[in-house]
Amino acid sequence: MELFDVTIIGGGPAGLYSAFYSGLRNMKTKIIEVQPVLGGKVNIYPEKVLWDVGGQPPMQAQLFVQNLVNQANTFSPTICLNTKVEQIEKHGDIFVITTNNGETHYSKTIIVAVGGGILNPIKLEIEGAEKYEMTNLHYTILGLERFRNKKVLVSGGGNGAIDWAVELLFVAKEVVVIYRKDQLTAHESQVEKLKEHGVQIMLNAKIQSVVSNDTKTAIEQVIVSQNGDIHEIQVDDVLISHGYNREVSLTFADDIQPMRKDDYYLVGQGQCKTSVPGIFGAGDIISYDDKVNLLIGTFQDAVLAVNNAKKYIDPKADQYGMVSSHNEKFAEKNKELLEELFCKAEAASL
Ligand SMILES: Cc1cc2nc3c(=O)[nH]c(=O)nc-3n(C[C@H](O)[C@H](O)[C@H](O)COP(=O)(O)OP(=O)(O)OC[C@H]3O[C@@H](n4cnc5c(N)ncnc54)[C@H](O)[C@@H]3O)c2cc1C
């Protein structure tokens, strides 16, 4: 039986930063992630440019994920991908984690960092529509270039849909937005951008059916009903952004049930503790007053969760980790980095 100090469930931003910080605090760390890749929800917007992460220049989300993963690997945690945690129990002092592939993992503490759970996009409710997912029916945008000079119909009016519509403005030939309600619910500034670019926005409108091309492989036309009228819209691509269904991914044994909010979120008890000693939460999954569900918020949560996991294992440990300038774990790494920088500067001056 290999026993870990900390097992982090979920390899999104909260889980990745927890792994880095846990290594910094000398704890034997494991991350378990259900997807084949790390990065969490950020992977659903890889080309979006992030502007609001402190101290980082604007960068595409996929680069941000890469940086997070590199940082998480600093202290070489064990990483299990394609592994869904299903059940957590406690035997004596040890948490026992069982997964969908029949494995058992053992840990002194748990950091739950499962975000919004396993998210499945709400699909277009039209019989047979799934066959177009191979061609021009999309539920997210993995690369904008795919849409260059195309006419794209975006269905949805929330932040997800409108953010995509704005991104598409810069590559697509034309963007049409349809939304079932009488007002878009996305951020005003984003809606303004669509209006400034003269995007056709159809409110009280929904997709009634789709017409395929001659080879029946792609959508050629979308039939939209709006206030009793029918519109036939020629398209190259269709993007559906109707939100996500959440799969509540993991369960806890009866004797270690953390308090939940809305049957899902873990109720924080201060400092990212849950109501169960030894189980901590970080990122979108944990709920407390004044919580911000943003990338920057996940880092604060991770630090609190890790520091409290450390104290749980060793009550005499310092409450806080050393800042990086004083932390001996970085001394050797700093030397290597500074030498590398020095060599680069010298090469540049030649
Ligand atoms: C479209 C969109 C745009 C956004 N834009 C921004 C932005 O510009 N700036 C910003 O600051 N924030 C933004 N956010 C919010 C930000 O992405 C989230 O706050 C952040 O991803 C939360 O990180 P997390 O690690 O808590 O959860 P997640 O990113 O959701 O990661 C949770 C991970 O846990 C895994 N998991 C779930 N259940 C299990 C299980 N049972 N076993 C194993 N693994 C499991 C999931 O697969 C996932 O990888 C955006 C969100 C969305 C949806």
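These legends go with a set of close-up views of a predicted model.

**View 1. The ligand and its shell.** Start with the ligand, which has 32 residues around it. Glu33, Lys41, Tyr45, Asp284 and Leu295 are the closest of them. Sorted by class, the shell comes out at 14 nonpolar, twelve polar and six charged residues. Two helices, α1 (13-24) and α5 (295-313), each put at least two residues into this shell.

**View 2. Polar atoms facing the ligand's oxygens.** Here we zoom in on Glu33, where a polar side-chain atom sits 2.6 Å from an oxygen atom of the ligand. The backbone joins in too: an N or O backbone atom of Leu295 is 2.8 Å from a ligand oxygen atom, and one from Asn293 is 3.4 Å from a ligand oxygen atom. On its own the ligand would expose 1000 Å², and the protein buries 90% of that.

**View 3. The positions annotated as "binding site".** An unreviewed UniProt entry gives Glu33, Lys41, Tyr45, Val85, Leu119, Asp284 and Ser325 under this heading. Don't expect one neat cluster: these residues span 293 positions in sequence, and the two C-alpha atoms farthest apart are separated by 38.7 Å, so they do not all gather at one spot.

**View 4. Lys41, one of the annotated positions.** Lys41 sits in the loop that runs between β2 (29-32) and β3 (49-50). Its relative accessibility is 34%, so Lys41 counts as partly exposed. Setting aside residues up to four places away in sequence, Lys41 touches Gly116, Leu119 and Asp284. Leu119 and Asp284 are also on the UniProt "binding site" list, and Asp284 is among the residues closest to the ligand, as is Lys41.

**View 5. Val85, another position from the UniProt list.** Val85 belongs to strand β6 (residues 85-91). With a relative accessible area of 5%, this residue is buried, because the cut-off for buried is under 20%. Once residues up to four places away in sequence are left out, Val85 touches Ile9, Ile32, Ile97, Thr98, Thr99, Ser249 and Leu250.

**View 6. Ser107 and its surroundings.** Ser107 is found in strand β8 (residues 104-112). At 0% relative accessibility, Ser107 is classed as buried. Its side chain reaches the backbone oxygen of Phe4 at 3.5 Å. Beyond its neighbours within four places in sequence, Ser107 is in contact with Leu3, Phe4, Asp5, Val6 and Thr7, and also with Ile94, Phe95 and Ile97. Ile97 turns up among the contacts of Val85 as well.

Terms used
Residues numbered from 1 in each chain as written. Predicted model: local features only at pLDDT ≥ 70, side-chain atom pairs only at ≥ 80, totals over all residues. Heavy atoms only, no water. Near = heavy atom within 4 Å. Polar contact = N/O pair within 3.5 Å; in protein donor to acceptor, adjacent residues only side chain to side chain. Areas by Shrake-Rupley, 256 points an atom, 1.4 Å probe, with all protein chains shown as cover. Helix = DSSP H or I, 4+ residues; strand = E, 2+ residues; numbered from the N terminus. Nonpolar A, V, L, I, M, F, W, Y, C, P; charged D, E, K, R; others polar. UniProt positions renumbered as here; feature names shortened; annotations may be inferred. Buried < 20%, exposed > 50% of the residue type's maximum accessible area, 1.4 Å probe, protein only. Contact = heavy atoms within 4.5 Å.
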